Amino acid sequence: MESRDEYNDSVPLSMDDNDSDSSIHADEESARLDFAGIFSNKFSNISLLYSSSNGATEIHTATRYGKRFALKGLKKDRLDDPISNMCLAKEFEIGISLDHPNIRRTLGLENVDTLGKRIVLEYIDGIRLSEMISEKSISPEKANAMALQMADAVRYLHGKQIFHRDLKPDNILVSHQGGNVKIIDFNLSDRDDYVILKHPAGSKRYMAPEQSEPDATPTAEADIYSLGVIFSDLADASGNRSLARAAARCMHPDPAMRMNGLDMIEASYEEEDENASWATQILSSQALTYILSGLCIMLAAFITIHYINF
């Protein structure tokens with residue numbers, strides 16, 4: 001795991017002469033160890049990856065220390081917008097507090113040449129879950145594995161009193177290597193101790209019904225509903241019936257009836273196993289009946305033939 005300290009390149013707001021001298025010496029030492037730019041502490045190969053059509057943010061990819069990173073920040077026309085800046089700061093503060101294998105890592109907040117203030121993020125080599133769902137290229141087993149990873153990540157968030165508020169297939173990446181799930185985009189996320197930017201949020205199809213109310217507040221139950229819609233999409237794409245049952249329970253109209261997503265999956269599989277057990281018993285008893293019936297018919301035929309011949 002990379003150390004977060006190595007990304008701390010921000011310049012202090014003020015510094016005395018000694019600090020200035022130390023900074024100069026540090027820059028000279030950095031240049032000496034640069035190895036012809038291979039391990040430069042400056043980002044290079046900066047390229048636009050995504051720009052929100054309606055929102056305020058954009059994402060670039062860049063390289064540093066021989067590695068790729070994602071840089072998320074505000075578009076040029078939003079750099080001076082106070083609300084957009086508060087959202088970016090809030091996203092960083094939430095992201096930097098998270099450490100889960102199925103959540104994209106936030107590594108730092110820096111001023112990047114030509115771009116301005118950027119959140120430095122883990123680069124994920126993968127595709128959006130929405131693309132996999134559209135292609136219907138998911139096996140029932142794979143769908144279940146991804147659902148379990150998503151549910152575990154959401155349970156982790158809720159354990160830290162954080163609500164994602166925009167869970168949907170577009171905000172979930174699946175890595176090319178290993179097929180691991182990564183939840184991304186905490187731009188609309190919220191936490192109990194925040195008192196700003198509390199307006200209802202989400203994407204219409206994946207947003208819990210109660211969140212459309214003007215006085216709605218962020219809740220774990222709303223996230224679980226969104227998770228249920230994603231499970232439903234996965235179930236349709238993979239033919240996973242157990243996941244479909246879990247989805248229906250997560251999407252219960254009454255928020256109080258929505259259980260944790262992991263519990264939903266486990267409960268559905270336990271139900272399936274129980275049904276399979278009963279089916280096995282029934283089939284076994286039916287098979288036994290057929291066997292006994294066949295033996296009786298054969299015995300009767302043998303007795304009849306033997307009686308006629310006699």
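1. At 2% relative accessibility, Phe69 counts as buried, and this residue is a convenient place to begin reading what is a predicted model. Its partner in what follows is Phe43, which at 14% relative accessibility also falls under the 20% cut-off and so counts as buried.

2. The structure holds one aromatic pair. That pair is made by Phe43 and Phe69, whose rings meet edge-to-face, with 5.9 Å centre to centre and 80° between the planes. Because Phe43 sits in the loop between helix H1 (17–32) and E1, while Phe69 belongs to strand E3 (residues 67–74), the contact ties together parts that are 26 residues apart in sequence.

3. Strand E1 (residues 44–51) and strand E2 (residues 57–64) deserve a look as a unit, since they pair in the antiparallel sense over five bridges. The two strands form a hairpin, with five residues between them, and within this pairing Ser51 stands opposite Glu58 in E2.

4. Two backbone angles in this region should be checked by eye. Asn45, which is found in strand E1, has a phi near 50°, a positive value in a residue other than glycine; its relative accessible area is 59%, and Asn45 is therefore classed as exposed. Tyr65, found in the loop between E2 and E3, likewise is not a glycine and yet has a positive phi of about 55°. With a relative accessible area of 22%, Tyr65 is partly exposed.

5. A further element to inspect is the open sheet of three strands, which has the order E6-E8-E9 and antiparallel pairing. Its edge strands are strand E6 (126–128) and strand E9 (181–183), each of which pairs on one side only. Neighbouring strands of this sheet are turned by 30° against each other on average, with direction ignored. As for the individual contacts, E6 and strand E8 (residues 172–175) pair in the antiparallel sense over three bridges, and Ile127 has Val174 in E8 as its bridge partner.

6. Helix H4 (residues 140–159) lies across E8 and E9, running at about 35° to E9. The helix has 20 residues and reaches 28 Å from its first C-alpha to its last, close to the 28 Å expected at 1.5 Å a residue. Among the buried residues of H4 are Ala143, Met146, Ala147, Met150, Val154 and Leu157, and the list also includes Asn144, Gln149 and His158. Just after H4, Gln161 takes a positive phi of about 60°.

7. Which residue of helix H4 should be set against that buried list? Glu141 lies in helix H4, but it is exposed, with a relative accessible area of 59%. The C-alpha atom of Glu141 is separated by 9.9 Å from that of Gly239, although the two residues are 98 residues apart along the chain.

8. Finally, a point for anyone concerned with cysteine chemistry: the structure holds zero disulfides. How accessible, then, are Cys87 and Cys250? Cys87 has 18% relative accessibility and therefore counts as buried, while Cys250, at 0% relative accessibility, counts as buried too.

Definitions and conventions: Residues numbered from 1 in each chain as written. Predicted model: local features only at pLDDT ≥ 70, side-chain atom pairs only at ≥ 80, totals over all residues. Heavy atoms only, no water. Pairing = 2+ DSSP bridges. Helix = DSSP H or I, 4+ residues; strand = E, 2+ residues; numbered from the N terminus. Expected span 1.5 Å × (residues − 1). Buried < 20%, exposed > 50% of the residue type's maximum accessible area, 1.4 Å probe, protein only. Axes fitted to C-alpha atoms, helices over the stretch in contact; angles between N-to-C directions. Contact = heavy atoms within 4.5 Å. Disulfide = S-S within 2.5 Å. Phe/Tyr/Trp six-rings, centres within 6.5 Å; stacked < 30°, edge-to-face > 60°.
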